[in-house]
Amino acid sequence: MSWGSELWDQFDNLEKHTQWGIEFVEKYTKFVKERSEIETNYAKQIRNLSKKYQPKKNSREDEESKYSFCRAFLTTLNELNDYAGQHEVIAENLTSQIIAELSRYLQDIKTERKMHFHDGRKAQQHIESSWKQLESCKRRFERDCKEADRAQQYFEKMDADINVTKADVEKARQQAQMRHQMASDSKGDYSSYLQKFNQEQNDHYYTIIPNIFQKLQDMEEKRIERIGVCMKTFADVDRQVLPIVGKCLDGMTKAAESIEPKDDSKQVVESYKSGFEPPGEVEFEDYGQAMKRTASDTSLTNSREGKEKPVSKSKGKLWPFIKNKNKLMSLLTSPHQPPPAPPASSPPSPSAVPNDPQSPNQHKEPLSHRLNDFMASKPKMHCLRSLRRGLSLKLGSGPEDFSHLPPEQRRKKLQGKIDDLNKDIQKDMDQRDALTKMKDVYVKNPQMGDPASVDPRLLEIGQNIEKLQLEVQKFEGWLAEVEERMPSKSDTQRRSGIFETQNNTTVSNNCAQDRESPDGSYTEEQNSETQVIKVNTHPVPTSSTPEFDDEFDDEETLPTIGTCKALYPFEGHNEGTISVAEGELLYVIEEDKGDGWTRVRRNGEEEGYVPTSYVEVFLETNAKDS
């Protein structure tokens, strides 16, 4: 159906309808623009979310990457980032394929519509003007006819009157003829213009207006078709990214399926295995029996040579079950950083305990000889002090040889360091070989380059290789030391057999086992006084007694194992340290465990750690022997 033939008289309604169609295109364009903004904001939020949960660039990231669930989560974050990118593609395609196109089309359709309605209004104005002229001719013809009738009537009246002169009658006759002639002329003009108007009106309603309305109809149909194409594009933009979105989701699913709980459990063992053996059983301490103290090394020797009576074993409470948690946490505080270097070079300190004859690498004493040492020292407090030192070293930045780590972790760190150094050496060696070949080419073909220009670089690489090889030797020495100190399976079986077969001797020091603390250093301490206790031979109940909790709750003062003299002043700003003045004399209550710190006491009250290199230590004889 054609608008020109069916809606020839609906010019105003068509104008309103086409204007509403343009407003609809503007509304749809605004809708797509808001959808594009939503996609852009959604993609931005997804990217920020992915970035927020990305692992930080620190050492923790390397540890997390060992676990399959952490790797899967990282893969999910990366796939989510790609997923956000697809939403950005949607926003870009909506903007370029719909919004930009509709914006240009709106300008064109507005211009076209304005032109068509301008032509329609011009045609309307022309037909209205013709109609007005026709009406004017009609009124003039009507007026002339009336004037002619009146002139004829006046002539006839004058002609019938006998009193009127012949000249007046003739004048009236001529006037009547003139009016009739004017009426005849007006009739001819009216008739001719009427024919012209009818022709123009026929052209207006059957040719001009139908053509204009047909163009408006074509414009409207094109507008509707363009809206349909844009709506289809709106869906296709989403459909185009579905394959990539599907790949992102498949990547997330594959990452989730790659999680291996068993492997992660094994990785926990690899990450935290210390290499130590579990502590032995804690011996029941019968405080009802009288204690016999010895005041000299002779009594200590006699007590060791004497034969102790067998003691029944009972499982006591370990340090994690202390009631007073605040006191435990106070014991676990020590300097979290390696000690500072001394102001100037100083002679080796006598406190170099690792070089002492009684180092952990030496053969262990018989278990029967260690009974009195165990009873003389405070095993529980000693255990807490050793653990505190190990924790403090782990919290701080460790030394170069990783001595602050347990044996197993230290071995892995050293091996990893050696592997990295070997890679660097191999890289430098490859570079040196390439430069050597280049130099040979220059020697054979001097026009290609000067062979001497390569020598400085070769010298630099050679020196770097030598430095790296020295580093490898240093770390291999530390690695060999750790592997020698680590207990093997045969040692473990032999040691367990000793505990099972020697019923006449029981050792209850679970913290000083194998003379190594959890930080891998030599931790067992000995007081200047040695105590000998008579152990009750009768079996005792395995249930814990209040005396155990009381001893854990109240920390006793550590014994003095020697003295020291400050070689340099130390301010002691860190927590757990103590400030000393140059030349000050202090009591040593805990020797260096290999971390570079020595624990001292001033005036029997104030205690803290000082760098071992800042003091000169004088240990008592029996303390050194222990």
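Strands and helices are taken here as DSSP runs, a strand being E over at least two residues and a helix H or I over at least four, each numbered from the N terminus. Two strands are treated as paired if DSSP finds at least two bridges between them. The model is a predicted one, in which local features need pLDDT of at least 70 and side-chain atom pairs count only at pLDDT 80 or more, while totals for chains, interfaces and linings use all residues. Residues are numbered from 1 along each chain as its sequence is written, and side-chain values rest on heavy atoms, with hydrogens and water left out.

A convenient place to begin is the run of strands from β3 to β6. Strand β3 (residues 562-566) is joined to β4 by 4 bridges, and the two run antiparallel; G562 has V588 of β4 as its bridge partner. Strand β4 (residues 585-590) in turn runs antiparallel to β5, with 3 bridges between them. Within this pairing, Y587 is partnered by R601 and E590 by R599. The hairpin of β4 and β5 has 6 residues between its strands, and among them G594 adopts a positive phi near 105°. On to the next hairpin: β5 and strand β6 (residues 606-611) are antiparallel and share 6 bridges, one of which involves W597 and its partner P611. Here 3 residues lie between the strands, and N603 takes a positive phi near 60°.

Strand β5 also merits a look for its surroundings. Burial is judged by relative accessible area, with a 1.4 Å probe and protein chains only: under 20% is buried, over 50% exposed, and anything in between partly exposed. By this criterion 6 of the 6 residues of β5 (residues 597-602) are buried, so the strand is largely enclosed by the rest of the structure. Neither face is left uncovered, as W597, R599 and R601 on one side and T598, V600 and R602 on the other are all buried.

The aromatic residues come next. Rings of Phe, Tyr and Trp (the six-membered ring for Trp) pair if their centres lie within 6.5 Å, and planes under 30 degrees apart count as stacked, over 60 as edge-to-face and the rest as tilted. The structure holds 13 such aromatic pairs. In one of them, F475 and W478, the ring centres are 5.2 Å apart and the planes stand at 90°, so this pair is edge-to-face. Both residues are buried. They sit 3 residues apart in helix α12 (residues 455-485), and are therefore separated by about one helical turn. W597 of β5 reappears in an aromatic cluster with Y568, F570 and Y614.

Turning to the helices, α5 (residues 166-257) has 92 residues. Its expected span, 1.5 Å times one less than the number of residues, is 136 Å, which agrees with the 133 Å between its end C-alpha atoms. Even so, α5 contains a kink of about 45° centred on H204, the bend at a residue being the angle between axes fitted to the seven residues ending there and the seven starting there. A148 belongs to helix α4 (residues 68-160) and, at 3% relative accessibility, counts as buried. Its C-alpha lies 6.6 Å from that of A183, although the two are 35 residues apart in sequence.
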